[in-house]
Amino acid sequence: MSKRSVSFKIYRYDPDRDEKPYMQDITVDLEPSDKKLLDALVRLRGKDDSMSFRRSCREGVCGSDAMNINGKNGLACLTDVDSLAQPITLRPLPGLPVIRDLIVDMTQFFKQYHSIKPYLVNNEPTPERERLQSPEEREELNGLYECILCACCSTACPSFWWNPDKFVGPAGLLAAYRFLADTRDQDTNARLDNLEDPYRLFRCHSIMNCVDVCPKNLNPTKAIGKIKDMMVRRAV
Amino acid sequence: MNVAKRTFDAVIVGAGGAGLRAALQLSEAGMKTAVLSKVFPTRSHTVAAQGGVAASLGNSTEDNWHWHMYDTVKGSDWLGDQDAIEFMCKKANEVVIELEHYGMPFDRTDNGKIYQRPFGGHSMNYGQAPVMRSCAAADRTGHAMLHALYQRNVRANTQFFVEWMALDLIRNENGDVLGVTAMELETGEVTIFHTKATIFATGGAGRIYHSSTNAFINTGDGLGMAARAGVPLEDMEFWQFHPTGVAGAGVLITEGVRGEGGILRNASGERFMERYAPNLKDLASRDIVSRAMTTEINEGRGCGPDKDHVLLDITHLAPENIMKRLPGIREISIQFAGVDPIKAPIPVVPTCHYQMGGIPTNYKGQVVVPKDGNPNTPIVGFYAAGECACASVHGANRLGTNSLLDLLVFGKSAGETVVEDFQSGNLSLKPLPADAADASLARLARLENQTGGESVFDVGLEMRRTMQKHAGVFRFDDLLKEGVSKMAEVAERAKRTEIADKSKVWNIARMEALELDNLIEVARATIVSAEARKESRGAHVRDDAPDTAENPNGRDDENWLKHTLWYSEGNRLDYKPVNLKPMSDDVKAIALAKRTY
């Protein structure tokens, strides 16, 4: 079988060595078992061990290997390498400071996630057994709890690019609604108060880039819409 | 190199399920704690667990912890310690209910309770029929659990050191543990974490095998650190090959698929498990199912052009049930097998999944080693929990859903023990030896200055291929012996790894070289321990120890009902007795018997 050769154009920057970022052209021969973009990147590292990116589970559940692939955010481990136009252009997720190569500083992203108090609040005495929740009530959490915090969505969002310190961003707001929608959570008012300002929630202009790029097929825009509804209903 | 020093009451290495559960105990008790993790906590491999966590809640079928204990002892092929198993099964309801209170989005029964599904090897009334014991959040239980635990830690203000790799364990001349050295990946700087207590929760090392469900990060860092520091590793010959990894890709397909009614079929469409396990069939224990599949393939009844896999069939299940209970599996199957399981069966092969052995501990999470005639003497200041530890609850074969339970119960228990020891004044900050960081600095300097060396990629590949060939689902004396000498050669090569990238910043090449050091310790432990154990038990099955009247299933209790202890120095083996006595006087020991399902 003839070798499959794939050409890349990859954003490279090592602050320890490079004065400024540059795009590296590199070609790599793949083995038949190399199916995903991540497989190709691991193969590429056999050729150039300085190419840096995060990776772990290689099955789309840990959220490590998010990057900008031919102009669109996605996970390398869930992207078929043969589906991509060559040269495959890889850049770090947009809008966050680059640490090295495809590795970005996610501090701001997690700060926003933490800012929505991503934990259940229930001040009643702890019961001996589980708190009851009907299957229908539980179903409300589907499409919300599956988020893997890969940051594909927030870093595809112009509102987040412009105000990463003030706008919570789609990932954080999806998490906010995950707790608002949980019948076991009692902090609804405080959670809405926490989002009631011109930026934190309302900078979302429903551009829907987040929906377009989410590798788990989640819909942050819809969740944000529901939070806005709750705000309105609370006001009247 | 300058080495910074930081002082904490405790350091926890690893922020998967076990590390996060332990961290909660320490944070809520007000201990000054550092949690180190190579990855952001929610990227730890607990996230990939799918099918559920075991607890005898009895929400859908009658159940109790005695039945769970019996299943676990039997599943372990009697190599599990019955005191630890009793402890785990008794504690299961408590730790699972706690998770629900933390906000974990479990699926629900019609009356609002936690949804439970059947799972392999779990039975009611001591083996009579499948029981619904696996508490599940669709087929994303690990993800839901890890996020809930992380979120609870956010509430508890736990202090994380994200993307820090621990390098070596620090011990003084008495052998007491004083903390670890660790490298910050972003800067490459080394810091000493000087502590009163050190908890390892570093997970497994499934990456020693070529075909593995494990993540890239599962490199046995805790085991490598422990082994280099003179701590023995227990029962490392026992590796679980999960029956259903996606053929070619290795990605896990949960046993919950069979719990929901999935059936394994060979090339002629036969439900072959009926021949191997007439009672529990496809829901027999994992070692049994993996061997049955391998036998089918070896005897020419495999599927596909190369007859190299079997099929996992759920096409007879209602599509809406698949969408509701197994949505993640459907995604994985489409992504990695190119098959929509609603329409066609999934090609699967047994794939390395879980390490039953590990750092020897007791049920309190204390690391225990032979000393002064006592085989289980705690090391002062050292604790471990989760897959990196061996309590031992899984013995020679783990039951599905007992791993998430293990990390909850023993993560909490290790945390509680540390808090107790801390509050009672049993822990103190002992003076740091002058050479505390020398071993780590020497490893880094060696790597920095190596010339004419070996590529990390090549040596790692040779290790994985060697382990796959020489210590797989079925084991052969000649292959094991050959494997021991081959791994010794690979280990020599690993001492001369060379990296081209010398950057200080986020240097993956350096990280992978350091990880390889850890994997090599685990691979050596595995092959040496496996070669030495001349019986078949649980996941360790040798062709020269077949099923006989004298030794049912090839198990030789007279000579081999004992735990292996492997020491890195000199590749030395030692053994210690299995605890066949439960913790409580009023609990009857599960008597030795032949394992059938």
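Two strands count as paired if DSSP finds at least two bridges between them. That criterion sits behind the strand partners picked out in this predicted model. In chain A, strand 1 (residues 4–12) and strand 2 (residues 22–30) run antiparallel and are joined by 9 bridges. Within this pairing, K9(A) sits across from D25(A) of strand 2. Strand 1 of chain A also has a parallel partner, strand 5 (residues 88–91), with 3 bridges between them. Here I10(A) is the residue that faces L90(A) of strand 5. As a general point, side chains in a regular strand alternate between the two faces of the sheet.

Moving on to chain B, the secondary structure comes to 16 helices and 22 strands. What does the radius of gyration say about the overall build of chain B? For 597 residues a compact globule would come out near 25 Å, and chain B has 23 Å, so the value agrees with that picture. The C-alpha trace spans about 65 × 55 × 50 Å along the principal axes of chain B. Of the 597 residues in chain B, 67% are buried. Sequence-distant contacts feature heavily too: taking contacts in chain B between residues at least 6 apart in sequence, 75% link residues at least 24 apart.

As for the surface, chain B exposes about 18900 Å², with carbon and sulfur atoms supplying 48% of that area. On the charge side, chain B carries 65 positive and 76 negative charges, and the mean positions of the two sets lie 2 Å apart.

One sheet in chain B is worth spelling out. It is an open, antiparallel sheet of 3 strands, ordered 10-21-22. Its edges are strand 10 (233–234) and strand 22 (572–577), each of which pairs on one side only. Strand 10 and strand 21 (residues 562–567) of chain B are held in antiparallel register by 2 bridges, and L233(B) stands opposite W566(B) of strand 21.

Finally, there is V154(B), which belongs to helix 4 (residues 141–155) of chain B. Is V154(B) buried or exposed? Its relative accessibility is 18%, and because buried means under 20%, V154(B) counts as buried. Which residues does V154(B) touch, leaving aside neighbours within four places in sequence? The contacts are H114(A), P118(A) and Y119(A), which sit in chain A. Looking along its own chain instead, V154(B) is 395 residues from A549(B) in sequence, and the C-alpha atoms of the two are 57 Å apart in space.

Notes
Residues numbered from 1 in each chain as written. Chains lettered and ligands numbered in written order. Predicted model: local features only at pLDDT ≥ 70, side-chain atom pairs only at ≥ 80, totals over all residues. Heavy atoms only, no water. Helix = DSSP H or I, 4+ residues; strand = E, 2+ residues; numbered from the N terminus. Rg over C-alpha atoms; globule rule 2.2 N^0.38 Å. Buried < 20%, exposed > 50% of the residue type's maximum accessible area, 1.4 Å probe, protein only. Contact = heavy atoms within 4.5 Å. Areas by Shrake-Rupley, 256 points an atom, 1.4 Å probe, with all protein chains shown as cover. Lys, Arg positive; Asp, Glu negative; His and termini not counted. Charge placed at Lys NZ, Arg CZ, Asp CG, Glu CD.
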